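User: Hey, can you walk me through this structure? I'm new to this, so plain words please.

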Amino acid sequence: MAVDVSFVRTIPAILMMAETVVGLLVWSLMASIHIFHPAIGWVMFVSVTLWLLTIVLFCMLLFGVHHKLPSVPWPLAVLVFNGVAAFLYLTAFITTAAVASDYYWTWAYGHMVAAAVFGCIVTVGYGASAFFSYTMWRGNDGNAAGSTVPV
């Protein structure tokens, strides 16, 4: 399998790398507090699952696996993935921020606030990825004038 080095320099790839790094911060901060609360379980589920799926998707795009599976509508699949990921991370970010106040006087409060901030950053990242995925799905790379030029 050939590595598509040009993919790494694209905005979607840079966003995926940032989502991976910041997502790792979210779940490692949440895992380090050792408090058993259903809301923390939700945040862990969302952050670890999306972290792993983003790594898998990144590797598939990097190694060109998507070219070997032409029956899959990749632009639409990536758009749906990023849109769902943005929504799920939004729920995880709000959950973390809401639950953090319950632990204000404990050492876990700082970790939860940091995880909420990083969760917000990842939410924005997945939202931006969804936007760029939408422009790829539309096929005009975001150029509004592209469809008005006569062929």
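Here is a chat that goes from the overall fold to a few single residues.

Analyst: Sure, one thing before we start. This is a predicted model, where local features need pLDDT of at least 70, side-chain atom pairs count only at pLDDT 80 or more, and totals for chains, interfaces and linings use all residues. Residues are numbered from 1 along each chain as its sequence is written, and side-chain values use heavy atoms, with hydrogens and water left out.

User: Ok, how many helices and strands does the chain have?

Analyst: Six helices and zero strands. Helices (H or I, at least four residues) and strands (E, at least two) are DSSP runs, numbered from the N terminus. Along the sequence the pattern reads α-α-α-α-α-α, and the C-alpha trace spans about 65 × 35 × 25 Å along its principal axes.

User: What share of the residues is buried?

Analyst: Buried residues make up 34% of the 151 in the chain. Buried means under 20% relative accessible area, exposed means over 50%, and partly exposed is in between (1.4 Å probe, protein chains only).

User: And which residues touch the most others in the largest nonpolar core?

Analyst: That core has 32 residues, and F7, M30, L50, L57, Y89, M112 and Y126 touch the most other members. A nonpolar core here is a set of buried Ala, Val, Leu, Ile, Met, Phe, Trp, Tyr and Cys residues joined through side-chain atoms within 4.5 Å. Helices α2, α3, α5 and α6 each supply at least two residues of this core. In soluble globular proteins, nonpolar side chains tend to be buried together.

User: What does F7 touch?

Analyst: Leaving out residues up to four places away in sequence, F7 touches A13, M16, F58, L61 and L62. Contact means heavy atoms within 4.5 Å.

User: Let's switch to α2. What does its buried side pack against?

Analyst: The buried residues of α2 pack against α1, α3 (38-62), α5 and α6. Those buried residues include L15, E19, V22 and V26. As for length, α2 has 21 residues and reaches 30 Å from its first C-alpha to its last, close to the 30 Å expected at 1.5 Å a residue. That expected span is 1.5 Å times one less than the number of residues.

User: Any pockets? How much space lies in the largest one?

Analyst: About 370 Å³. Its lining has 16 residues, with F7, P12, L61, V78 and M136 nearest the centre. A pocket is found on a 1 Å grid over the protein atoms alone: it is an open set of points where a 1.4 Å probe fits, with protein on both sides within 12 Å along at least five of seven lines, and lining residues have an atom within 4 Å of a point. The elements giving two or more residues to this lining are α1 (5-8), α2 (11-31), α5 (74-100) and α6 (108-138).

User: Is A39 buried or exposed?

Analyst: A39 is buried, with a relative accessible area of 14%. A39 lies in helix α3 and, beyond its neighbours within four places in sequence, is in contact with T95 and V99. A39 and T95 are 56 residues apart in sequence, yet 6.3 Å apart in space, C-alpha to C-alpha.

User: Last one: where is H34?

Analyst: H34 is in the loop between α2 and α3. H34 has a positive phi of about 55° although it is not a glycine, and H34 is exposed, with a relative accessible area of 63%.

Technical notes
Grid points are joined across faces, edges and corners, and a volume is the space filled by probe spheres set on the points.
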